[in-house]
Structure formats: structure tokens, C-alpha cells
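Trainee: Before we look at anything, could you take me through the reasoning behind the terms we use for a model like this one?
Mentor: Gladly; put up the structure, and we will set each value against its cut-off.

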Amino acid sequence: MNGEQFSSELVNALRGATRVVALTGAGISAESGVPTFRDAQTGLWSKFRPEELATPEAFQRNPKLVWEWYAMRRARLREVVPNAGHLALAEIERRVPTFLIATQNVDGLHQRAGSRQVLELHGNITRTKCFSEDSPVAEWSETGEVPPRCPRCGGFLRPDVVWFNETLPEEAFAQADAASRACDLFLSVGTSALVYPAASLPLSAKAGGAMVVEINPESTPLTARADHFLRGPSGRLLPALVRAAWPGVSEQLPR
Ligand code: OAD
């Protein structure tokens, strides 16, 4: 079994599942070289203060600093590619009748790995919106001013991501919550399970009777409530799990 020992209960549950939801967080992109937020040495919040960079108040205080921080992260993302964990989730989507990813990540790596049903709970760093109008802006003129200005109202543009003190896209969260309540298997992958309301999704799944599986090198507040805790990096464990559930059909997955 590729060196990984999964319980037959788990492998059979994945193979037989008809509705699967995966909640993903920064950890699934770690092996692509995208830093997480809360890992002690390498996480973004060990070097930067969220209240200076990821709140509407921070943007109002220092829009240039915030715009440039996101521009730096966007530039780094252009250099990374999806890893085996992202590819394994795309493979599960091809095998399971109803499958959905609810991601807290803004990096677009699930879509680049071939996943189709992806709900972006915290937005997408490659999109831009107007700070005052709160509506998407696809084109603007580069005058050298940072941040650039909204072509409609002249206000500042900002990344289309969800900051602290902001609400999640209502429709996306409602869909994720409904799917979690109705699924038979829920995967929580690479998230510290600390930030609500995303962190409520595995609990909704459990309340709905789903098997909850957590994949993470570290335990989290969810671990004690998960039915299975697979300790380790998702880039190794997810492909191994897919190969265990569907031997032979997933040879194309990287090892
Ligand atoms: P965190 O940085 O809080 O947690 C990342 C998790 O990934 C940790 O539990 C790590 O142990 C785990 N991890 C690290 N390497 C991994 C690997 N190779 N495979 C699997 N797991 C690994 O990131 P999130 O839970 O995504 O929001 O954080 C949630 C939200 O808080 C983010 O969307 C962001 C952040 O502040 C905003 O910016 C609004």
C-alpha cells in the first residue's frame, strides 16, 4: 500500500462514497512552496502582523503597504505549480459522483490541478475589486499610483480576498455548508481549523453523520473529533489514499 497503512474502514468509505466534501487550507499548498499562515517558523503570521495587512482598517490606514504585500504574494504564486495533494483531490472528483472542494486558499492551485467544483471561501488573490464599491474590476489604467484607482469611482482598488472582520461570500459559504451537512465523507486537509466560519464545516458534516477525516502533520482542535486523523503531509498522504481506494486507476498520480 505504498508504505502507508490506512484502515480498511476508511479506504472502503472513500471507494463507496457518493458525496465527498474537502475543506482545504494553506497546508495543502505548502509543498508547492506557498507559505502557510500559522506554522511557527515559516508561516506568514510569524513574520507579518495580520492586523497590519489583512483587515479593511489596515487597508484604510496604509493602502500602499497592503497592496504591495498582496502584489508580492501574487508574484510568488506565478512561480509555483500544484502538487500531488492538489492532483489527488482532482482525481477523487473524477471518481466520486458528487464532490466539492471548499477552500480557504486564495491561490487558485486547485483549479490549476484540474478540480472543477471549487468554492473559494476567502476569495482569490488574482482578482481585484473596488474598495468602496465592493465590486470586481477587471481592467484599470496603470498610472504608477499604488494602489491603482477604480476606473468607475476613482477609489482605491484592493485584492478580492476576504480579510479579518469581513464576511465570507454568502452564497459560496451556504453551498459549502449544505454540501457538508449532506456528505458521507468529509476531508479536512492542511488547515489549522481555527478560523471560523470555515472551521465549522467539518462539525456540520459530523452533525450530518459523515465520516470526518483530517490530514495534517500536526494535530488541531478538530483532531479529537475526527473519525480518522492521518498525520503527515497531504502531498504524500492524499495520493496514497487515492491509490489505496482505486488501485491501478491512479497510476498517473505522482508518487
Ligand atoms: P494555517 O496557516 O492556519 O494552517 C495551516 C495548516 O497546514 C497547519 O495546521 C499545518 O500544520 C498544516 N500543514 C503544514 N504543512 C502541511 C502539509 N505539507 N500538508 C498538510 N498540512 C500541512 O492556514 P489555514 O488553516 O488555511 O485567512 O488558515 C485559515 C485562514 O487564516 C486563511 O485563509 C487566512 C488565515 O489568516 C485570511 O487571511 C483571512
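**Contacts, cover and cores**

Mentor: In this predicted model, a polar backbone atom of Ala26 lies 2.8 Å from an oxygen atom of the ligand.

Trainee: What makes that pair of Ala26 and the ligand a polar contact?

Mentor: A polar contact is a pair of N or O atoms within 3.5 Å, and the Ala26 pair, at 2.8 Å, therefore meets the cut-off. Two side chains also meet it, because a polar atom of Ser192 is 2.6 Å from a ligand oxygen and an N or O atom of Asn216 is 2.7 Å from a ligand oxygen. As for cover, the ligand has 790 Å² of accessible area on its own, of which the protein covers 93%.

Trainee: Which classes of residue form the shell around the ligand?

Mentor: The shell has nine nonpolar, 10 polar and four charged residues, and among the 23 residues around the ligand, Phe37, Arg38, Thr191, Ser192 and Asn216 come nearest.

Trainee: Why is the largest set of 30 residues called a nonpolar core?

Mentor: The name applies because its members are buried nonpolar residues joined through side-chain atoms within 4.5 Å; Phe6, Leu89, Ile92, Leu187 and Leu230 touch the most other members. Among the elements that each supply at least two residues are strand S1 (19-24) and helix H7 (84-95), while H11 gives the most, with seven.

Trainee: What does Ile92 touch beyond four places away in sequence?

Mentor: Ile92 touches Leu14, Phe99, Leu187, Val242 and Trp246. A second, separate core has 20 residues, including Cys183 and Phe186.

Note on methods: Residues are numbered from 1 along each chain as its sequence is written. This is a predicted model: local features need pLDDT of at least 70, side-chain atom pairs count only at pLDDT 80 or more; totals for chains, interfaces and linings use all residues. Side-chain values use heavy atoms; hydrogens and water are left out. A residue is near a molecule or strand if one of its heavy atoms lies within 4 Å of it. A polar contact is a pair of N or O atoms within 3.5 Å; within protein, one must be able to donate a hydrogen and the other to accept it, and residues adjacent in sequence count only if both atoms are side-chain atoms. Accessible areas come from the Shrake-Rupley method with a 1.4 Å probe; for residues, only the protein chains shown count as cover. Ala, Val, Leu, Ile, Met, Phe, Trp, Tyr, Cys and Pro count as nonpolar, Asp, Glu, Lys and Arg as charged, and the others, Gly among them, as polar. Buried means under 20% relative accessible area, exposed over 50%, partly exposed in between (1.4 Å probe, protein chains only). Helices (H or I, at least four residues) and strands (E, at least two) are DSSP runs, numbered from the N terminus. Contact means heavy atoms within 4.5 Å.
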